[in-house]
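Student: I am new to this structure. Could you teach me how to read it, one feature at a time?

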Amino acid sequence: MTSASTQDATTTRKNLVVELDMRNFDSSIRDGNAWLVEFYAPWCGHCVHFAPTYEAVADALHARHIDGERNVRVGKVDGDAEKAIMSRFSINGFPSFFLLDGWTAYQYEGDRSLNGLVEYATKTYKEMDPIPLMSSPFGPFGQLRAIVLYFGLIILGIFEWLVSKGLSNTIAGILMCSVGISGGLFTIIFVGLMSMSMSKPKHTRKWTP
């Protein structure tokens with residue numbers, strides 16, 4: 001009985017730390033709450049050691065939630081798997097922590113402790129300067145880095161898939177370049193035709209008295 005209760009409590013506690021990825025990151029942080037987000041790597045010994053404390057941080061922040069109020073939720077991003085998100089935040093080491101309040105981002109540089117993170121997420125971050133817009137993960141350069149890397153990873157995945165089907169690296173590369181050039185030409189022609197059709201003068205009907 002006690003063992004089952006303990007297991008349920010542990011499961012509930014772990015679920016308070018939301019695993020964020022490309023599919024749910026932006027939609028999650030736009031839910032009306034502030035978010036404390038950790039960037040970690042499975043191979044990082046510091047991250048593994050800190051995991052129980054981070055779950056305790058989530059537990060402590062969840063205990064402060066008030067229905068109908070702006071609360072602080074807790075998430076984590078696997079930097080190894082989610083390189084596009086990681087590039088937006090210019091992560092240089094693991095673990096790294098950020099407080100996201102709407103489109104405003106703050107980087108936590110204090111002690112990796114339960115009290116330090118909870119106090120930062122609930123109070124002291126408001127006294128700090130946010131990451132400047134041009135360097136922010138939600139600024140133009142942050143978004144551009146994510147888009148470029150995202151499509152780069154897609155292209156790399158397609159290339160590896162072609163090679164796995166028996167094509168040589170050279171043939172796979174030539175094939176992808178051909179498709180890319182064809183797609184580029186199609187886009188240029190399509191945009192040109194659309195521009196021409198929009199620039200044609202409109203004929204107006206002459207009314208005679």
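**Reading the fold**

Tutor: Start with one pair of residues. Leu 20 has Val 77 in E3 as its bridge partner.

Student: What kind of model is this?
Tutor: It is a predicted model: local features need pLDDT of at least 70, side-chain atom pairs count only at pLDDT 80 or more, and totals for chains, interfaces and linings use all residues. Residues are numbered from 1 along each chain as its sequence is written, and side-chain values use heavy atoms, with hydrogens and water left out.

Student: How many helices and strands does the protein chain have?
Tutor: First, the terms. Helices (H or I, at least four residues) and strands (E, at least two) are DSSP runs, numbered from the N terminus. The protein chain has seven helices and five strands. From the N terminus, their order is α-β-α-β-α-β-α-β-β-α-α-α.

Student: How do strands pair in general?
Tutor: Strands of a sheet pair through backbone hydrogen bonds, either parallel or antiparallel. Here, two strands count as paired if DSSP finds at least two bridges between them. E1 and E3 are a parallel pair with four bridges. E4 and E5 run antiparallel, joined by five bridges. Within that pair, Leu 100 stands opposite Ala 105 in E5.

Student: What is the strand order in the sheet?
Tutor: The order is E1-E3-E2-E4-E5, in an open sheet of five strands with mixed pairing. Strand E1 (17–20) and strand E5 (104–108) are the edge strands, each pairing on one side only. On average, neighbouring strands of this sheet are turned by 30 degrees against each other, direction ignored.

Student: How many residues lie between E4 and E5 in their hairpin?
Tutor: There are two residues between them. Gly 102, in the turn, has a positive phi of about 70 degrees.

Student: How do I spot unusual backbone values?
Tutor: Know the usual ones. Most residues other than glycine have a negative phi, and most peptide bonds are trans. Now look at the loop between helix H4 (83–88) and E4, where Pro 95 lies. A cis peptide bond joins Phe 94 and Pro 95, with omega about -10 degrees. Ser 90 sits in the loop between H4 and E4 too. Ser 90 is not glycine, yet its phi is positive, near 50 degrees.

Student: Is Ser 90 buried or exposed?
Tutor: Neither: Ser 90 counts as partly exposed because its relative accessibility is 41%. The scale uses relative accessible area: buried is under 20%, exposed is over 50%, and partly exposed is in between (1.4 Å probe, protein chains only). Of the 209 residues of the protein chain, 32% count as buried.

Student: How do I read a long helix such as H3?
Tutor: Check its span. The expected span is 1.5 Å times one less than the number of residues. H3 has 19 residues, so it should span 27 Å; its end C-alpha atoms are 28 Å apart, which agrees. Then look for bends. A bend is the angle between axes fitted to the seven residues ending at a residue and the seven starting there. H3 bends by about 45 degrees at Ala 51, and Pro 52 follows within four residues.

Student: Which residues of H3 are buried?
Tutor: Here is the general idea. An α-helix has 3.6 residues a turn, so residues three or four places apart point the same way. In H3, the buried residues include Phe 50, Tyr 54, Val 57 and Leu 61.

Student: Where does H5 lie?
Tutor: Angles run from 0 to 180 degrees between N-to-C directions, using axes that are lines fitted to C-alpha atoms, for helices over the stretch in contact. Contact means heavy atoms within 4.5 Å. Helix H5 (residues 114–122) lies across E2, E3, E4 and E5, at about 160 degrees to E5. Its buried residues include Leu 117 and Tyr 120. Among the elements covering the buried residues of H5 are H3 and E3.

Student: What does Thr 53 touch?
Tutor: Thr 53 is in helix H3. Neighbours within four places in sequence aside, Thr 53 is in contact with Ser 113 and Leu 114. Thr 53 and Ser 113 are 60 residues apart in sequence, but 7.2 Å apart in space, C-alpha to C-alpha.

Student: Is Asn 71 buried or exposed?
Tutor: Asn 71 counts as buried because its relative accessibility is 12%. Asn 71 is in the loop between helix H3 (45–63) and strand E3 (72–78). A polar atom of its side chain lies 3.0 Å from the backbone nitrogen of Ile 66.

Terms used: A polar contact is a pair of N or O atoms within 3.5 Å; within protein, one must be able to donate a hydrogen and the other to accept it, and residues adjacent in sequence count only if both atoms are side-chain atoms.
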